[in-house]
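Welcome, and thanks for opening the viewer. Let's walk through this model together, one selection at a time.

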Amino acid sequence: MPVYSVRLTPDPDAPLRALLFRALVNALGLWLASLIVPGVHVDDWQSLVVGTALFAIVNTLLKPLAAFVSCFLIVMTFGLFLLVLNAAMLALAAWLAGGLGMNFRVDGFWSAVFGALVISIDRKSTRLNSSHT
């Protein structure tokens, strides 16, 4: 007869694993955007790591404020303005990385929009195929 046990306390490593998984997904999305989108450039792995970290920090700190301020535009465009916000966050992260001397840059508005679109698609597809949400 099998013995079953129930763990009443949550796994203490689960938040760290989820954070590392999201960072890996974001790095993958940024790398794919640099391969697919002509105006997004990530020249080395150090720039990829720093760009991913800066993109996560910018998305965590500034994107909620920007979404709140532009709430009316988001509603009026049925959410499409969120793509413009994502592009602005990507461009800001690239600008900050350039200030740190990293080889991560976004050449223009449309490159930022298409780069943000690639990163968003990567995030969504990974979220659909995984239990780490």
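Before the first stop, a word on terms: a helix axis here is a line fitted to C-alpha atoms over the stretch in contact, and the angle between two axes runs from 0 to 180 degrees between their N-to-C directions. Please also keep in mind that this is a predicted model.

**Stop 1: helix α1**

Select residues 14-36, which make up α1. With 23 residues at 1.5 Å each, α1 should span 33 Å, and its end C-alpha atoms are 32 Å apart, so the two values agree. Now colour A18, V25, N26, A27, G29, L30, A33 and S34, the buried residues of this helix. As you look along it, recall that an α-helix has 3.6 residues a turn, so residues three or four places apart point the same way.

**Stop 2: α1 against α2**

Add residues 45-61, helix α2. The axes of α1 and α2 come within 9 Å and cross at roughly 115 degrees, and the crossing is right-handed. Which residues meet here? From α1, show A23, N26, A27, L30 and W31; from α2, show L48, G51 and T52. This contact is made up of 5 nonpolar residues, 3 polar ones and no charged ones.

**Stop 3: L90**

Keep L30 on screen and select L90, which is found in helix α5 (residues 81-99). Is L90 buried or exposed? Its relative accessibility is 0%, so L90 counts as buried. Leaving aside residues up to four places away in sequence, L90 touches L30, F55, F104, V106, A112, G115, A116 and I119. Try a distance label between the C-alpha atoms of L90 and F55: they are separated by 6.3 Å, although the two residues are 35 apart along the chain.

**Stop 4: F78**

Move to the loop between α4 (71-76) and α5, where you will find F78. At 80% relative accessibility, F78 counts as exposed. Most residues other than glycine have a negative phi. F78, which is not a glycine, has a positive phi of about 55 degrees.

**Stop 5: the salt bridges of R105**

Finally, select R105, which counts as partly exposed because its relative accessibility is 41%. Side chains of opposite charge can pair when their charged atoms come close. R105 and D43 form a salt bridge, 3.7 Å from N to O. R105 lies in strand β2 (residues 104-106) and D43 in the loop between β1 (40-42) and α2, so the pair ties together parts 62 residues apart in sequence. R105 also forms a salt bridge with D107, with the closest N and O atoms 3.9 Å apart. Show D43, R105 and D107 at once: shared partners join them into one network.

Definitions and conventions: Residues are numbered from 1 along each chain as its sequence is written. This is a predicted model: local features need pLDDT of at least 70, side-chain atom pairs count only at pLDDT 80 or more; totals for chains, interfaces and linings use all residues. Side-chain values use heavy atoms; hydrogens and water are left out. Helices (H or I, at least four residues) and strands (E, at least two) are DSSP runs, numbered from the N terminus. A crossing is left-handed if the near helix is turned anticlockwise from the far one by less than a right angle, and right-handed if clockwise. Contact means heavy atoms within 4.5 Å. Ala, Val, Leu, Ile, Met, Phe, Trp, Tyr, Cys and Pro count as nonpolar, Asp, Glu, Lys and Arg as charged, and the others, Gly among them, as polar. Buried means under 20% relative accessible area, exposed over 50%, partly exposed in between (1.4 Å probe, protein chains only). The expected span of a helix is 1.5 Å times one less than its number of residues. A salt bridge is a side-chain nitrogen of Lys or Arg within 4 Å of a carboxyl oxygen of Asp or Glu.
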